[in-house]
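Me: I would like a close look at the largest pocket and at the sheets of this model. Which elements each supply at least two residues of the lining of the largest pocket?

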Amino acid sequence: MQPLLHVDQLQTVFPSDHGDVIAVNNVSFSLNRGETIGIVGESGSGKSVTSLSIMRLISASGRIAKGSISYHSANGDVIDLAKLSPDVMRKYRGKELAMIFQEPMTSLNPVLTCGYQVAEALRLHLKLSKKEARLKTIELFEKVQLPRAAQLYDAYPHEISGGQKQRVMIAMAISCNPSVLIADEPTTALDVTVQKTILELLKSLQQEREMGMLFITHDLGVIAEIADKIVVMYKGNVVEYGTVSEIFKHPKHPYTKSLLACRPPLDRRVKRLPIVSDFMKEEVDGTFSAVETDVNIAIASQVITNAERLKHLAQLYCQSPILQVEQLKTWFPVRRGWFGGKREFIKAVDDVSFNVYPGETLGLVGESGCGKTTLGRSIIRLIEPTGGKVIFKEKDFAALQGEELRAMRKNIQIIFQDPYSSLNPRMTIGHAIMEPMQVHQLHENNSVRKEKVMELLQRVSLKHEYFDRYPHEFSGGQRQRICIARALALQPQFIICDESVSALDVSVQAQVLNLLNELKREFGFTYIFISHDLSVVKFMSDRMIVMNKGKIEEMGDPDEIYNAPSSAYTQRLISAIPAINF
């Protein structure tokens, strides 16, 4: 049987001041009809460039230097997509081969309605009338399980949730019944429950239409759920290729072993997560070698015993709380009733109470819209609460004003989800870290402040020469380290981590989580750690709060909540976590 798509020795290059950069190097694999191949690897491994090369969507500066991309069409023709002119490729793109992009908000046009954007593809490729395209789009919206499909046709992207936007993108991708569907990180920023429904939807659509699917992700748990075969990429090269069972049961390459080991375990507690350098050592010439030490023994030595954990918890909870949240409410008005009647509110945080103890990490978990982020921002008064109290070190944070509030804020810092948007693109990272020191007049002068910045860069494993570089010159993991260094600049006692690792690769995520724990032990920090990823919260937290619709669903020991959840909502969250059962 001929493969639906055969990629052979593909090489894609981009020019730079120091010569061509090989982003994809001699990549080969075959995709059959009805089959799913998962492509995994860290950022920069070449996953997305491989998919964009197949779709011929690489930027104008990039080029396919060699290799072929053979597509076997339904009528028996074999087309080398790498050799097609742009005009001819447009006839295949969207109709024969379609793609779901990682970030639906940036992929959808904000000034056009969701329905119009899907109907546009139908009218272009299938030559439907405006009325026919509208009816077909509504039918597609129903197929991808969008609520109120007819009304959503006229909705703009900003008016719907992240999961709904991703469904619109899926509807657009399958609209012309393509033979090949490429899904590039389609569930990365989604909650586990939304992720599960999207994966189930893609699987059912694929089986119904017998599409071949390339599914790109850095999450091996997701791959275990959806893929038949796996391509593991590292720095543009395929380092391992085989069935899901082969790769998960008997990984051969040290890089594959590291990706599997970096995931926070759900069955035990560990002090430190393994990272890529535990499994492989990169040489100066860019080659790598396997680390000789027995990594399994090293990992086993990091396991926290029950006795150690009980002793740690006893030390935490014999103290007075550092933070007390009492009946906190943050409501947003949506509209006023007729004739000045009763106003309606979205109760983002509704009567929430809890304590946090010095040196504790309190995890906050739940789906998007449950109130996690609003709660974190209300505590620090980046959003003004509607009611309730936030008592930090025996002072009511919610009642402070002016200089008193500014002085108190120095002790509570926040690390945001997206490090790039929280850094000024026109300010060097050295000055971004120094700026809060200047605002709060820490240290005698800028010379001393610069020395402190250098110390902080070193502490978060960044080089001194990075001081004069700009945010765009760093990777996502490095930018998050910069934001951590900036949070440390004021020597705070309390840090709120708001989805601070959700957009990172699993290996980079492990490094950042290890760093946060090291800093906690070194400086005695107290954390509120917000995430939709229950496995990450379980690894980080001493106690965990599950939130749903602005209220606390349940609160307690993370192990107990995971093993015996009392709430149906928590049970649903846990059952949605992708598992590797091989």
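Reply: α1 (47-54), β11 (280-282), α18 (476-488) and α19 (506-523) each supply at least two residues of the lining of the largest pocket. Helices (H or I, at least four residues) and strands (E, at least two) are DSSP runs numbered from the N terminus. The model is predicted, and local features need pLDDT of at least 70, side-chain atom pairs pLDDT 80 or more, while totals for chains, interfaces and linings use all residues. Residues are numbered from 1 along each chain as its sequence is written, and side-chain values use heavy atoms, without hydrogens and water.

Helix α18 gives the largest share of the lining, five residues. The pocket holds about 1600 Å³ of space, a volume filled by probe spheres set on grid points joined across faces, edges and corners. Its lining counts 46 residues, and those closest to the centre are Ser43, Ser475, Gly476, Asp505 and Val508. A pocket here is an open set of points on a 1 Å grid over the protein atoms alone where a 1.4 Å probe fits, with protein on both sides within 12 Å along at least five of seven lines; lining residues have an atom within 4 Å of a point.

From α18 the description passes to a sheet. Six strands, in the order β18-β19-β20-β15-β21-β22, make an open sheet with mixed pairing; strands pair if DSSP finds at least two bridges between them. At its edges are β18 (412-415) and β22 (551-556), each paired on one side only. Neighbouring strands of this sheet are turned by 20° against each other on average, direction ignored. Angles run from 0 to 180 degrees between N-to-C directions, with axes fitted to C-alpha atoms, for helices over the stretch in contact. Helix α18 packs on the sheet, touching β18 and β19 (494-498), and its direction makes about 175° with that of β18; contact means heavy atoms within 4.5 Å. Strand β21 (residues 543-548) runs antiparallel to β22 and is joined to it by five bridges. Within β21 and β22, Met544 stands opposite Gly556. Across these two strands lies helix α22 (residues 568-575), at about 105° to β21.

Another open sheet has six strands in the order β6-β7-β8-β3-β9-β10, again with mixed pairing. Its edge strands are β6 and β10 (237-243), each pairing on one side only. The twist averages 15° from one strand to the next. Strand β6 (residues 97-100) points Leu97 and Met99 one way and Ala98 and Ile100 the other, and all are buried, that is, under 20% relative accessible area (1.4 Å probe, protein chains only). Four bridges pair β6 with β7 (residues 180-184) in the parallel sense, and Met99 stands opposite Ile182 there. On to β8 (residues 212-217), β7 pairs in the parallel sense over five bridges, where Val180 has Gly212 as its bridge partner.

Two helices lie across these strands. Helix α7 (residues 162-174) crosses β6 and β7 at about 175° to β6. Helix α8 (residues 192-209) lies across β3 (36-40), β6, β7 and β8, running at about 160° to β8.

Between α7 and β7 is a loop that holds Ser179. This residue is buried, because its relative accessible area is 9%. Leaving out residues up to four places away in sequence, Ser179 touches Leu4, Arg33, Tyr71, Glu96, Met211 and Gly212. Ser179 and Arg93, 86 residues apart in sequence, are 11 Å apart in space, C-alpha to C-alpha.

Technical notes: Buried means under 20% relative accessible area, exposed over 50%, partly exposed in between (1.4 Å probe, protein chains only).
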